[in-house]
Every structure is written in C-alpha cells, then in structure tokens.
Amino acid sequence: RPALYRMRIMARVHLTPSLGQFTGGALVFEIDVATIKHLLTALVELHPALEPHFASGVAVAIDGTIFQDDLFSPIPPDSEVHILPMISGG
C-alpha cells in the first residue's frame, strides 16, 4: 500500500507591483498562515523592508472580500489573498 501524505494547503498571497520593489520583485507567495496579522508578520520576517508600508496601512482581500483594520480575520487554507495599499478619499 502506498504511504499517505498530508499536504498543507497554503494561501496564495499576491502583492502589488509597488510593494514588490521591497521584496526583490517577488509578487506571489504561498504561505501557511491563520490570520491577517500572522500573514503580515510572516511577510515582514521574509522581507523587513515591507514593515513601514504595512504599518502605514494596507487592505487585505481574502477570496474577494476586503478587510481593513481587521488583523484577526482568519485566512482559510487554499485562499487567494491580495494585499492592497489603503486608498484615501478627499
């Protein structure tokens, strides 16, 4: 009988090109995270130059739903996640 393997399904995270300049051009990551806060922390650990940009505010879209200022929203496995700059109105 073949051995059974458990594979963790990770979220696929997309950054905007403006954030890609702080990751050496990398725009897509597959990361195993539970919440938005965990995601942002993991990305800053990989690319510390992202920290000031996240601190100034980003929106996170998880499977098409946008979350702002909600760091504890869960990120289900196999989600499509987009990190977006905050848009201010005037």
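Which residues of S3 are buried on one side, and which on the other? In this predicted model, Val58, Val60 and Ile62 lie on one face of S3, while Ala59 and Ala61 lie on the other, and all of these residues are buried. Both faces of the strand are thus described as covered. In keeping with this, strand S3, which spans residues 58-62, is mostly covered, with five of its five residues buried.

The chain that contains this strand has three helices and five strands. Along the sequence, these elements follow the pattern β-α-β-α-α-β-β-β. Of the 90 residues in the chain, 34% are buried. The surface exposed by the chain amounts to about 6,100 Å², of which carbon and sulfur atoms supply 58%. Among contacts between residues at least 6 apart in sequence, 51% join residues at least 24 apart.

Strand S3 has two pairing partners to be described here, S4 and S5. With strand S5 (residues 80-85), S3 pairs in the antiparallel sense over five bridges. With strand S4 (residues 65-68), the pairing of S3 is antiparallel and extends over four bridges. Ala61 takes part in both arrangements: this residue stands opposite His82 in S5 and opposite Ile66 in S4.

The connection between S3 and S4 is a hairpin, with two residues between the strands. Asp63, located in the turn, has a positive phi of about 50°.

Definitions and conventions
Residues numbered from 1 in each chain as written. Predicted model: local features only at pLDDT ≥ 70, side-chain atom pairs only at ≥ 80, totals over all residues. Heavy atoms only, no water. Buried < 20%, exposed > 50% of the residue type's maximum accessible area, 1.4 Å probe, protein only. Pairing = 2+ DSSP bridges. Contact = heavy atoms within 4.5 Å. Areas by Shrake-Rupley, 256 points an atom, 1.4 Å probe, with all protein chains shown as cover.
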